[in-house]
Amino acid sequence: MAAQYYPFGRHRISESEVFYTTQLSFAFVNNRPARPGHILSFYGLSLIQSMSHVLVCPKREVKRVADLTADETCDLWLTAQKVGRQLERYHNATSLTYGIQDGPQAGQTVAHVHIHIIPRQAGDFENNDDINDEIDLKEKQLKRRLDEEERQIRSLGEMAAEADEYRKLLS
């Protein structure tokens with residue numbers, strides 16, 4: 001049986017990176033997280049030690065938020081809410097940053113609507129709004145990699161292990 005992939009702009013996201021799906025949306029681990037988690041393995045058990053950064057997007061390839069249907073908009077945000085709630089609990093976070101770059105001038109590097117969800121803790125950035133600069137930096141780095149046709153930053157194994165942990169939260 002062939003592996004299933006989800007569209008993400010001109011890229012394909014492996015089902016091993018996807019940890020939650022609905023009829024209209026899917027959530028997956030980020031290739032270049034602003035708050036990377038570290039996966040530790042002990043006696044066959046995996047544990048994500050620190051914060052991570054995930055994405056939620058519609059299954060249909062949609063470039064801009066205004067192009068979403070009402071059902072897709074509702075499903076996307078309800079999915080982001082559910083995923084965010086579980087990640088916040090899992091990481092013992094105290095807050096969440098939700099972010100969207102809607103169009104290239106807003107910093108969107110993949111032409112497919114997506115919501116960044118980043119668990120937060122007190123003091124994780126010197127200035128709270130520095131998270132936006134970090135997201136912009138990661139997006140610019142990703143765009144350079146995409147332009148060079150090199151998307152893979154973390155290994156598929158690392159991302160699959162993280163997705164497996166998150167899948168347990170939402171099943």
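In this predicted model, the side chain of Gln108 comes to within 2.8 Å of the backbone nitrogen of Gly103, and the side chain of Gln108 also reaches the backbone oxygen of Lys63, at 3.2 Å. Gln108 is found in the loop that runs between strand β8 (95–99) and strand β9. Although placed in a loop, Gln108 has a relative accessibility of 11% and therefore counts as buried, the limit for that class being under 20%. Residues in contact with Gln108, when those up to four places away in sequence are not counted, are Lys63, Arg64, Gln101, Asp102, Gly103, Val113 and His114. Of these, Lys63 lies 45 residues from Gln108 in sequence, yet the C-alpha atoms of the two residues are 9.5 Å apart in space.

A second polar side chain can be followed in strand β4, which covers residues 25–29 and includes Ser25. Ser25 has a relative accessible area of 1% and is therefore buried. The side chain of Ser25 makes a polar contact with the side chain of Asp75, at a distance of 2.6 Å. Asp75 also appears among the residues that Ser25 touches, which, leaving out those up to four places away in sequence, are Tyr20, Cys57, Pro58, Lys59, Asp75, Leu76 and Thr79.

Turning to the nonpolar interior, the largest nonpolar core of the model has 19 residues, and those with the most contacts inside this core are Phe19, Val54, Val83 and Ile117. At least two residues of the core are supplied by each of β3 (18–21), β4, β7 (54–58), α1, β9 (115–120) and α3, and the largest share, four residues, comes from α1. The surroundings of Val54 illustrate how separate parts of the chain come together, for this residue, with its neighbours within four places in sequence left aside, is in contact with Phe19, Phe28, Val29, Asn30, Val83, Leu87, Ile115, His116, Ile117 and Tyr166. Apart from this core lies another, of nine residues, among them Phe8, Phe26, Cys57 and Val110.

The two helices that contribute to the largest core can also be described by their relative direction. The axes of helix α1 (residues 70–90) and helix α3 (residues 156–169) come within 10 Å and cross at roughly 105°. Because angles of 65 to 115 degrees count as roughly perpendicular, α1 and α3 are placed in that class. Where the helices meet, Gln86, Leu87 and Tyr90 in α1 are in contact with Glu165, Tyr166 and Leu169 in α3. By class, the residues of this contact are four nonpolar, one polar and one charged.

Two further residues provide a contrast in exposure to the surroundings. Ile13, in strand β2 (residues 11–14), has a relative accessible area of 0% and is therefore buried. The C-alpha atoms of Ile13 and Val29 are 9.6 Å apart in space, while the two residues are 16 residues apart in sequence. Asn92, by comparison, lies in the loop between α1 and β8 and, with a relative accessible area of 60%, is exposed. The backbone of Asn92 is also notable, since most residues other than glycine have a negative phi. Asn92 is not a glycine, but its phi is positive, at about 50°.

Definitions and conventions
Residues numbered from 1 in each chain as written. Predicted model: local features only at pLDDT ≥ 70, side-chain atom pairs only at ≥ 80, totals over all residues. Heavy atoms only, no water. Buried < 20%, exposed > 50% of the residue type's maximum accessible area, 1.4 Å probe, protein only. Polar contact = N/O pair within 3.5 Å; in protein donor to acceptor, adjacent residues only side chain to side chain. Contact = heavy atoms within 4.5 Å. Axes fitted to C-alpha atoms, helices over the stretch in contact; angles between N-to-C directions. Parallel < 35°, antiparallel > 145°, perpendicular 65-115°, else oblique. Nonpolar A, V, L, I, M, F, W, Y, C, P; charged D, E, K, R; others polar. Core = buried A, V, L, I, M, F, W, Y, C linked by side-chain atoms within 4.5 Å.
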